[in-house]
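Welcome! This short report walks through a protein one feature at a time. Please take a look at the sequence and the structure before reading on.

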Amino acid sequence: MKFCGRSGLAITAAGVGAALLFSVSASHAQSGPFTGFDGAWTGTGTVSLSDGSTERIRCNADYKVAGSGLNLKQALHCASDSYKFDLTSDVTSQGDRISGNWSEASRNIFGNLQGTAGGGQIDVFVEANGFAANLSLRTNGTKQTVQISSKGEIRGVNITMTKG
């Protein structure tokens, strides 16, 4: 199965949201929401499709933090047995609000994300032309879990990553 069109866009946007959520959560109590997240992260999870099928996904992320922990640049590489994507993003924090832009070069798509961070919970809305998703993240020590939901062909993404 090869993902393209809206389903490829959904996977791409979901991946971006997941990568950004992974980077913001555990450092919330530090001086900036991205402080301490420089470096490499790896993890696995599943993608659930509207037809009820699921597929395993593997991800590697690299984060660069700047501006006293308030700015983040990330690169995310994810793959399953039937697809892969390479994403980049640039995110800024202002208080408990986060916002930013992302792109996926191989599909020539881009979008934005915005949301809030607080109390160990991150809630983000990710969008691009023709796609939108809600993302929720919980952090427990160095383990991070992300749940992404949409009403499109990609119904859900669940990923767990750890810092390498």
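## Strands side by side

How many bridges join strand β1 to strand β10? There are nine, and the two strands, residues 39-49 and residues 154-163, run antiparallel. To find this pairing in the predicted model, you can start from W41, which stands opposite K163 in β10. Another place to look is S48, whose partner across in β10 is G156.

Strand β1 also pairs with β2: 10 bridges join them, and they too run antiparallel. Here G39 stands opposite Y63 in β2. The hairpin of β1 and β2 has four residues between the strands, and in it G52 takes a positive phi near 95°.

## The partner on β10's other pairing

Strand β10 is joined to strand β9 (residues 143-149) by seven bridges, again in an antiparallel arrangement. A hairpin through four residues connects β9 to β10. In this pairing, S149 stands opposite G156 in β10.

## The overall plan

With those strands in mind, here is the wider view. The secondary structure of the protein comes to one helix and 10 strands. Reading from the N terminus, the order of the elements is α-β-β-β-β-β-β-β-β-β-β.

The protein has 164 residues, and 46% of them count as buried. Among contacts between residues at least 6 apart in sequence, 45% join residues at least 24 apart.

## A disulfide between two strands

Which cysteines does a disulfide join? They are C59 and C78, with a distance of 2.2 Å from S to S. The pair links distant parts of the chain: C59 sits in strand β2 (residues 54-66) and C78 in strand β3 (residues 71-79), 19 residues apart. The count for this model is one disulfide.

Why is the disulfide of C59 and C78 called right-handed? The torsion about its S-S bond is about 115°, so it is right-handed. Are these cysteines buried or exposed? Both C59 and C78 are buried.

## Two salt bridges

The model has two salt bridges. In one of them, K64 pairs with D62, and the closest N and O atoms are 3.1 Å apart. D62 has a relative accessibility of 32%, so it counts as partly exposed.

The other salt bridge is formed by D90 and K73, where the closest N and O atoms are 3.1 Å apart. D90 lies in strand β4 (residues 84-94) and K73 in strand β3, so the pair ties together parts that are 17 residues apart in sequence. D90 counts as partly exposed because its relative accessibility is 36%.

## A closer look at Q74

Q74 is a residue of strand β3. Why does Q74 count as buried? Its relative accessibility is 4%, and buried means under 20%. The side chain of Q74 makes a polar contact with the side chain of S89, at 2.9 Å.

## A closer look at S149

S149 belongs to strand β9, and we met it above as the residue opposite G156 in β10. With a relative accessible area of 38%, S149 is partly exposed.

Which residues is S149 in contact with, leaving aside its neighbours within four places in sequence? They are A133, N134 and R155. S149 can also be placed relative to S136: the two are 13 residues apart in sequence, and their C-alpha atoms are 8.8 Å apart in space.

## How confident is the model?

The protein averages a pLDDT of 75, and 72% of the residues score at least 70. Over residues 21-30, pLDDT stays under 50. The model has 42 contacts beyond four places in sequence for those residues. Where pLDDT is low, the predicted coordinates should not be read in detail.

Methods: Residues are numbered from 1 along each chain as its sequence is written. This is a predicted model: local features need pLDDT of at least 70, side-chain atom pairs count only at pLDDT 80 or more; totals for chains, interfaces and linings use all residues. Side-chain values use heavy atoms; hydrogens and water are left out. Two strands pair if DSSP finds at least two bridges between them. A disulfide is a pair of cysteine sulfur atoms within 2.5 Å. Buried means under 20% relative accessible area, exposed over 50%, partly exposed in between (1.4 Å probe, protein chains only). A salt bridge is a side-chain nitrogen of Lys or Arg within 4 Å of a carboxyl oxygen of Asp or Glu. Contact means heavy atoms within 4.5 Å. pLDDT is the predictor's confidence in each residue, from 0 to 100. A polar contact is a pair of N or O atoms within 3.5 Å; within protein, one must be able to donate a hydrogen and the other to accept it, and residues adjacent in sequence count only if both atoms are side-chain atoms.
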